[in-house]
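Trainee: I should like to look closely at one part of this model. Could you take me through the way the helices in it pack, and then set that part in its surroundings?

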Amino acid sequence: MAKAEAPVAEPVAKPGGQRGLIVILVVALLLISAVCGYALFALRGHGTPSGEASAAPAKQGPELYLPLDPAFVVNFKSDEQQSYLQVGVTLMSHDQAAIDAAKGADPVIRNALVLLFSSQSSADLADVQGKQKLQAKALDAVRKILTDRLGRPGIDALYFTSFVMQ
């Protein structure tokens with residue numbers, strides 16, 4: 001006996017099925033373009049969609065680094081014994097004029113940082129939060145000096161490149 005083969009159902013193409021997919025892709029592409037356009041507009045400091053100016057100017061140019069060599073070595077407060085702190089510091093800016101001003105003010109900056117570092121206690125610097133707090137104070141001290149000389153802070157970041165307590 002011969003087996004009867006079951007009829008094979010072929011898929012029926014819906015009219016306009018590809019058209020719906022094309023419409024979805026076009027809408028998605030337009031949405032992505034709008035988001036990218038807004039991001040470029042906002043990141044370049046041209047303002048916000050409400051017409052307000054951007055609060056912070058856009059950073060221009062590469063990151064410029066200025067190591068404050070040699071590393072700072074100070075004795076600092078400790079309850080039990082004489083303690084020493086050695087800190088390597090590097091300044092970062094996107095502004096060459098600020099880097100040049102920092103180079104010119106090196107003795108003033110070093111003096112301010114020596115006084116700041118030597119006023120610390122070992123308990124204050126025992127954890128990461130204490131080191132971060134000291135880093136923020138050091139950045140503020142450098143920015144104050146450069147503001148007096150340039151009329152603007154100029155330095156974007158201060159990094160501890162080494163940190164040894166003994």
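Mentor: The account below begins with the whole chain, turns to the helix packing, and ends with the loop and the strands. The model is a predicted one. Its secondary structure amounts to four helices and three strands, and from the N terminus the elements follow the order α-β-β-α-α-α-β. Of the 166 residues of the protein, 23% count as buried. Among contacts between residues at least 6 apart in sequence, 69% join residues at least 24 apart.

Consider helix 3, residues 106-118, beginning with its contact with helix 2, residues 96-104. The axes of these two helices lie 5 Å apart, and the packing angle is about 75 degrees. Because angles from 65 to 115 degrees count as roughly perpendicular, helix 2 is roughly perpendicular to helix 3. On the side of helix 2 the contact is made by A102, K103 and G104, which meet D106, P107 and I109 of helix 3. By class, this contact comprises three nonpolar residues, one polar residue and two charged residues.

The contact of helix 3 with helix 4, residues 128-150, has another geometry: the axes come within 10 Å and cross at roughly 150 degrees. Since an angle over 145 degrees counts as roughly antiparallel, helix 3 is roughly antiparallel to helix 4. The crossing of helix 3 with helix 4 is right-handed. Helix 3 contributes V108, I109, A112, L113, L116 and F117, and these meet L134, K137, A138, V142, I145 and R149 in helix 4. The contact consists of 10 nonpolar and two charged residues, with no polar ones. I109 thus appears in the contact with helix 2 and also in the contact with helix 4.

The loop between helix 3 and helix 4 holds S121. With a relative accessibility of 17%, S121 counts as buried, because the cut-off for that class is under 20%. Apart from neighbours within four places in sequence, S121 is in contact with F76 and K77.

F76 leads to the strands, since strand 1 spans residues 64-76. Strand 1 runs antiparallel to strand 2, residues 83-93, and 10 bridges join them. The two strands form a hairpin, with six residues between them. Within this pair, Y65 stands opposite M92 in strand 2. As a general point, the side chains of a regular strand alternate between the two faces of the sheet.

Notes:
Residues numbered from 1 in each chain as written. Predicted model: local features only at pLDDT ≥ 70, side-chain atom pairs only at ≥ 80, totals over all residues. Heavy atoms only, no water. Pairing = 2+ DSSP bridges. Axes fitted to C-alpha atoms, helices over the stretch in contact; angles between N-to-C directions. Parallel < 35°, antiparallel > 145°, perpendicular 65-115°, else oblique. Contact = heavy atoms within 4.5 Å. Nonpolar A, V, L, I, M, F, W, Y, C, P; charged D, E, K, R; others polar. Left-handed = near helix turned anticlockwise from the far one by under 90°. Buried < 20%, exposed > 50% of the residue type's maximum accessible area, 1.4 Å probe, protein only.
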